[in-house]
Amino acid sequence: VGTAIALSIVRALLGFSVLYYLIIGYFISLGLSFFVPKIYTAIAFDSGGVASGPLTSTFILPFAIGACISIYPSGDNVLSGAFGIVAMVAMTPLITIQLIGLYAQIKHRAQRRRTADRLSRVDDGILYYDRNGG
């Protein structure tokens with residue numbers, strides 16, 4: 001949430017469209033959904049809705065409007081500068097939780113690979129019988 005607020009304030013300072021963040025962010029989020037376990041994707045999309053709930057609209061949106069008033073003292077672009085902060089807050093948990101899922105997936109595969117390597121190097125002393133006489 002803090003990252004989303006910081007990115008929104010940077011966007012308000014520089015004055016570019018929120019679509020640059022949202023399109024790239026949702027492409028990353030949808031791309032990650034193909035590589036992470038489905039449970040992480042489900043939790044990520046659910047937490048995006050939870051993070052952008054009533055508290056975000058009540059506290060963070062007025063904060064962004066106040067920051068935009070201090071950025072634009074003349075009153076121009078205040079609403080366009082603050083616009084999109086709730087969408088940013090809804091998007092960042094999607095990416096963050098799916099990155100955690102990707103990390104867990106990579107770590108799990110590396111652990112399985114290490115275990116398979118260890119088992120292949122173990123001399124267990126068992127003689128295996130081949131039925132074909134070989």
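A nonpolar core is a set of buried Ala, Val, Leu, Ile, Met, Phe, Trp, Tyr and Cys residues joined through side-chain atoms within 4.5 Å. Keep that in mind for the first exercise, and remember throughout that this model is predicted.

**Exercise 1: the cores**

Find which residues make up the largest nonpolar core, and which helix gives the most to this core.

Solution.
- Step 1. Start with the members: the largest nonpolar core has 11 residues in all, namely Ile5, Ile9, Ala12, Ile60, Ala64, Ala67, Cys68, Tyr72, Val78, Ala82 and Ile85.
- Step 2. Now turn to the helices. At least two residues of this core come from each of helix 1 (2–14), helix 4 (54–71) and helix 5 (78–82).
- Step 3. Helix 4 gives the most to this core, supplying 4 residues.
- Step 4. Another core lies apart from this one; it has 8 residues, including Val18, Leu22, Met88 and Ile95.

**Exercise 2: buried, partly exposed or exposed?**

Classify Gly81, Ala87 and Val1 by relative accessible area.

Solution.
- Step 1. Recall the cut-offs: buried means under 20%, exposed means over 50%, and partly exposed lies in between.
- Step 2. Gly81 sits in helix 5. Its relative accessible area is 9%, so Gly81 is buried.
- Step 3. Ala87 belongs to helix 6. With a value of 30%, Ala87 is partly exposed.
- Step 4. Val1 is in the segment before helix 1. Val1 comes out as partly exposed, because its relative accessible area is 46%.

**Exercise 3: sequence and space**

For each of the three residues just classified, look up a partner along the chain and give the C-alpha separation.

Solution.
- Step 1. Gly81 pairs with Ser17: they are 64 residues apart along the chain, and their C-alpha atoms are separated by 8.7 Å.
- Step 2. For Ala87 take Tyr26, at 61 residues along the chain and a C-alpha separation of 11 Å.
- Step 3. Val1 and Ile60 are 59 residues apart in sequence, with 9.7 Å from C-alpha to C-alpha. Ile60 should look familiar, as a member of the largest nonpolar core.

**Exercise 4: surface patches**

Identify which residues form a nonpolar patch on the surface and which gather in a patch of positive charge.

Solution.
- Step 1. The nonpolar patch is formed by Val10, Leu13 and Leu14, which together have about 300 Å² of accessible area.
- Step 2. Check one of them: Leu13 lies in helix 1, and its relative accessible area of 55% is why Leu13 counts as exposed.
- Step 3. The patch of positive charge brings together Lys107, Arg114, Arg118 and Arg121 on the surface.
- Step 4. Check Arg121 likewise: this residue is in helix 6 (residues 85–121), and Arg121 is exposed because its relative accessibility is 64%.

Terms used
Residues are numbered from 1 along each chain as its sequence is written. This is a predicted model: local features need pLDDT of at least 70, side-chain atom pairs count only at pLDDT 80 or more; totals for chains, interfaces and linings use all residues. Side-chain values use heavy atoms; hydrogens and water are left out. Patches are made of residues with over 30% relative accessible area and no salt bridge: like charges are joined within 9 Å, nonpolar side chains (Val, Leu, Ile, Met, Phe, Trp, Tyr) within 5 Å. Accessible areas come from the Shrake-Rupley method with a 1.4 Å probe; for residues, only the protein chains shown count as cover. A salt bridge is a side-chain nitrogen of Lys or Arg within 4 Å of a carboxyl oxygen of Asp or Glu. Lys and Arg count as positive and Asp and Glu as negative; His and the chain ends are not counted. The place of a charge is taken as NZ of Lys, CZ of Arg, CG of Asp or CD of Glu. Buried means under 20% relative accessible area, exposed over 50%, partly exposed in between (1.4 Å probe, protein chains only).
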